[in-house]
Amino acid sequence: MKLLVVGSTGGSGLDVIKEALSRNHEVVALARSPNKVTIQHANLKVVKGNVFEPHDLEGPIAECDAVISCLGCNAGFLGRTPTTFYSDSMTSLTTAMRAVNKTRIVCMSSWCTKPAERTLWVAEWIMRPLVIGNLLKNLSEMENDLEQKCSDLDWTVVRAPGLYNADSSGKEIKTEEYQFVTGSPIWIPRRDVAIFILNCIEKNEWTKKIIAIGL
């Protein structure tokens, strides 16, 4: 299978690339600054492109079987800076996908993008008001756009807790169609998220679903 990875220079994108290559997939990594992709492999091609420009995306998407978005941004000091980074980049990706008749995309999101009756105190009292509130708001808007405007695409949203750089935990990855996974730690290795994303692609699981993962 040939996969396009956007957000390829971040920690999560790099782990997705490593996991995909370890499974013998071909990978096209899109990056604004290709020199920041430090991995070298016979099955890896790095291309220059701007994720906010659909015309930059059409060629790379056309040659791939699926798109994986590991995009991330800085929400601003104490979450006070509004952002449309996630919704705008997803609109660009889905526009390009439709232009070249591709349908499969898996994208990363976060736990607790929306307030919920059953929630985590750390989300409602720290994350949302003080730390990454604007980021979570825009991730929620991105999720809404996929649900409401992309019924023609086979999308999957993976809500992950806090991320850290480490090898896979080796544990079973738990899932819940909710804002978080009940009883799970609020941190997960990036490699475990990469494993789950690749499983979604290979098994064609969780299409048109928003799924929280944890350990």
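## Exercises on helices, cores and salt bridges

Helix α6 is mostly covered, since eleven of its 14 residues are buried (under 20% relative accessible area; exposed is over 50% and partly exposed lies in between, with a 1.4 Å probe and protein chains only). Helices (H or I, at least four residues) and strands (E, at least two) are DSSP runs, numbered from the N terminus. The model is predicted: local features need pLDDT of at least 70, side-chain atom pairs count only at pLDDT 80 or more, and totals for chains, interfaces and linings use all residues. Residues are numbered from 1 along each chain as its sequence is written, and side-chain values use heavy atoms, with hydrogens and water left out.

### Exercise 1

Task: Describe the length of helix α6 and identify its buried residues.

Solution.
- Step 1. The 14 residues of α6 reach 20 Å from the first C-alpha to the last, close to the expected 20 Å at 1.5 Å a residue; the expected span is 1.5 Å times one less than the number of residues.
- Step 2. The buried residues are R190, R191, D192, V193, A194, I195, F196, I197, L198, C200 and I201.
- Step 3. Just after the helix, N204 takes a positive phi of about 50 degrees.

### Exercise 2

Task: Determine which elements build the largest nonpolar core, and which of them gives the largest share.

Solution.
- Step 1. A nonpolar core is a set of buried Ala, Val, Leu, Ile, Met, Phe, Trp, Tyr and Cys residues joined through side-chain atoms within 4.5 Å.
- Step 2. The largest core has 33 residues, and V16, I17, L44, I68, I197 and I213 touch the most other members.
- Step 3. Two or more residues come from each of β1 (2-6), α1 (11-22), β2 (26-31), β4 (66-69), β5 (104-110), β6, α6 (190-203) and β10 (209-214).
- Step 4. Helix α6 provides the largest share, eight residues.
- Step 5. Apart from this core lies another, of 29 residues, including V47, V51, M90 and L146.
- Step 6. Leaving aside neighbours within four places in sequence, I213 is in contact with W111, V158, R159, A160, P161, I173, K174, T175, V181, I188, V193 and F196, where contact means heavy atoms within 4.5 Å.

### Exercise 3

Task: Locate the salt bridges that involve helix α5, and state whether their residues are buried or partly exposed.

Solution.
- Step 1. Helix α5 has 17 residues and spans 24 Å between its first and last C-alpha, close to the 24 Å expected at 1.5 Å a residue.
- Step 2. In this helix G133, N134, L135, L136, N138, L139, S140, M142, E143 and L146 are buried.
- Step 3. K137 forms a salt bridge with E141, with the closest N and O atoms 2.7 Å apart; the term denotes a side-chain nitrogen of Lys or Arg within 4 Å of a carboxyl oxygen of Asp or Glu.
- Step 4. Because K137 and E141 are four residues apart in α5, about one helical turn separates them. An α-helix has 3.6 residues a turn, so residues three or four places apart point the same way.
- Step 5. K137 is partly exposed at 48% relative accessible area, and E141 is partly exposed at 27%.
- Step 6. The side chains of E143 and R159 also meet in a salt bridge, at 2.7 Å from N to O. E143 lies in helix α5 and R159 in strand β6, so the pair ties together parts that are 16 residues apart in sequence.
- Step 7. Both E143 and R159 are buried.

### Exercise 4

Task: Place the R98 and D152 pair within the salt bridges of the structure.

Solution.
- Step 1. The structure holds 13 salt bridges.
- Step 2. In one of them, the side chains of R98 and D152 meet at 2.7 Å, N to O. This pair links distant parts of the chain, 54 residues apart: R98 is in helix α3 (residues 85-99), and D152 is in the loop between α5 (133-149) and β6 (154-160).
- Step 3. R98 is partly exposed, at 33% relative accessible area, and D152 is partly exposed, at 44%.
- Step 4. A network of salt bridges links D15, E19, R23, R191 and E202.

### Exercise 5

Task: Describe the surroundings of T94 and E58.

Solution.
- Step 1. T94 is found in helix α3 and counts as buried at 4% relative accessibility.
- Step 2. The side chain of T94 reaches the backbone oxygen of T91 at 3.2 Å.
- Step 3. Leaving aside neighbours within four places in sequence, T94 is in contact with L146, C150 and L153.
- Step 4. E58 is in helix α2 (residues 54-62) and is partly exposed, with a relative accessible area of 23%.
- Step 5. Not counting residues up to four places away in sequence, E58 touches A96, A99 and V100. The C-alpha atoms of E58 and A99, 41 residues apart along the chain, are separated by 7.0 Å.

Key: Polar contact = N/O pair within 3.5 Å; in protein donor to acceptor, adjacent residues only side chain to side chain.
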